Amino acid sequence: MSERKVLNKYYPPDFDPAKIPKLKLPKDRQYVVRLMAPFNMRCKTCGEYIYKGKKFNARKETVQNELYLGLPLFRFYIKCTRCLAELTFKTDPENTDYTMEHGATRNFQAEKLLEEEEKRLQKEREEEELNNPMKVLENRTKDSKLEMEVVENLQELKELNQRQANVDFEAMLKQTRKEQEEDEQEMKAMLEQAQHRRLLLDSDSEPAKPRPGATAPTKPTDILQEDPQPQSKRPRTASWERSVGKLSTRAQLAGLVARRRQQPDPALENGPGTGGTAASTGSLPAAAAAAATSSLGLLGAYSDSEGSASH
C-alpha cells in the first residue's frame with residue numbers, strides 16, 4: 001500500500017529533464033497584486049482625493065528598456081474609487097520613491113521639492129568652484145564660520161545641561177512645600193487675629209443679649225422644678241407683681257392692716273344709765289373691723305382671679 005503523503009517521487013531510468021518543454025511567457029506580462037497607495041493623489045477626471053495607505057487590487061508589469069544600475073523598474077495600474085479611471089505610477093529607485101505617470105496629480109510634495117532645491121544649489125556651487133578659485137576660498141570661510149557657531153551653540157547647551165544636572169530637585173521640592181506651609185500658617189494666624197478683633201469690637205459696641213430660648217438646666221432634675229407656664233405669659237405676671245405686688249395670699253394682705261385695740265367703754269365704767277349710748281358707741285370699732293376684713297377678702301379674690309387669668 002502506498003503512502004498517503006508522498007515525499008519521494010518515482011523517476012524512471014530514462015528521465016531527461018532537458019526534454020521537458022518550457023513555458024514561454026511574454027516579457028511585458030502583468031500580475032495582479034494587492035498594494036497600498038504610496039502617496040496622496042487626486043484624480044484628474046473627477047477630482048477625488050486618494051489618500052496614502054488606501055488599498056487597491058493593482059496590475060503590475062515590468063517597465064521595458066528602463067534600468068537603474070541594473071535594477072528593473074515596475075509600473076502599477078489602479079482605478080479611481082469614484083469614477084473608475086485608470087491611474088498609473090512606477091517605482092523610482094534613484095530617489096527611493098514613486099513617480100506619478102498618468103491619470104492623477106501627486107499632493108503634498110513640499111519635502112520632495114525642498115530636497116530637489118537643495119540638490120540644485122549644491123550642483124550650482126560645485127560648478128562655480130570649478131571655474132573660480134576665489135569662490136572656493138569664500139565658501140570655505142563661510143563653512144568654517146558656520147561650523148564655529150554650531151560648536152559654540154553645542155557648548156552652551158552642554159553647560160546648560162550640566163547646570164540642570166547639579167540642581168537638587170528634591171531639596172527644591174522640600175523648600176517649596178515648607179514655604180507653602182509657612183504661608184498657610186501665617187494666613188491662619190492673620191484670620192484668627194481678624195476674627196478676635198471683630199469679636200472685641202462687637203462686644204464693646206453692643207452688650208450681649210440673652211437668647212430668647214430658656215437656658216439648659218444644669219441638672220437633670222431641674223426640669224421638674226421649672227415653671228410649666230408658657231414663656232409668653234411669664235413677663236406679664238412678673239411686671240404685675242413688680243408694680244402692684246403679689247396679692248394672691250391673704251396672709252400677706254392681713255399684715256398690711258392693723259386692728260385697733262378696743263378701749264374700755266367709759267359708759268360701762270360709769271354705770272348702767274348710759275348703757276344705750278355706750279352700746280352704740282362701743283359697736284363702732286367692731287363694725288369698722290368687719291368692713292376691713294370684708295374688703296380684704298374681696299381684694300384677695302380679685303388677685304386670685306387675675307393670677308388664674310394670667311396663667
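**Exercise 1. Is Glu129 buried, partly exposed or exposed, and what is its relative accessible area?**

Solution. This is a predicted model: local features need pLDDT of at least 70, side-chain atom pairs count only at pLDDT 80 or more, and totals for chains, interfaces and linings use all residues. Residues are numbered from 1 along each chain as its sequence is written, and side-chain values use heavy atoms, with hydrogens and water left out.

Step 1. Take the classes: buried is under 20% relative accessible area, exposed is over 50%, and partly exposed is in between (1.4 Å probe, protein chains only). Areas come from the Shrake-Rupley method with a 1.4 Å probe, and for residues only the protein chains shown count as cover.

Step 2. Glu129 has a relative accessible area of 25%, so Glu129 is partly exposed.

**Exercise 2. Find the salt-bridge partner of Glu129 and place the pair.**

Solution.

Step 1. A salt bridge puts a side-chain nitrogen of Lys or Arg within 4 Å of a carboxyl oxygen of Asp or Glu. Side chains of opposite charge can pair when their charged atoms come close.

Step 2. The partner is Arg125, at 3.2 Å, N to O. Arg125 is partly exposed at 27%.

Step 3. Both residues sit in helix 1, four residues apart, about one turn of the helix. Helices (H or I, at least four residues) and strands (E, at least two) are DSSP runs, numbered from the N terminus.

Step 4. Helix 1 (residues 110-131) also holds Arg120 and Glu124, four residues apart and separated by about one helical turn. Their side chains form a salt bridge at 2.7 Å, N to O.

**Exercise 3. Explain what the Glu101–Arg75 salt bridge ties together.**

Solution.

Step 1. The N to O distance is 2.8 Å.

Step 2. Glu101 belongs to strand 7 (residues 97-102) and Arg75 to strand 5, so the pair ties together parts that are 26 residues apart in sequence.

Step 3. Compare cover. Arg75 is buried at 17%. Glu101 is partly exposed at 34%.

Step 4. Widen the view. Glu61, Glu66, Arg75, Lys90 and Glu101 are linked in a network of salt bridges. The structure holds eleven salt bridges.

**Exercise 4. Identify the backbone feature of Asn65 and of Leu84.**

Solution.

Step 1. Asn65 is not a glycine, yet has a positive phi of about 65 degrees. Its place is strand 4 (residues 55-68). Asn65 is exposed at 80%.

Step 2. Leu84 is not a glycine either, and its phi is positive, about 60 degrees. Leu84 lies in the loop between strand 5 (71-79) and strand 6 (86-92). At 61%, Leu84 is exposed.
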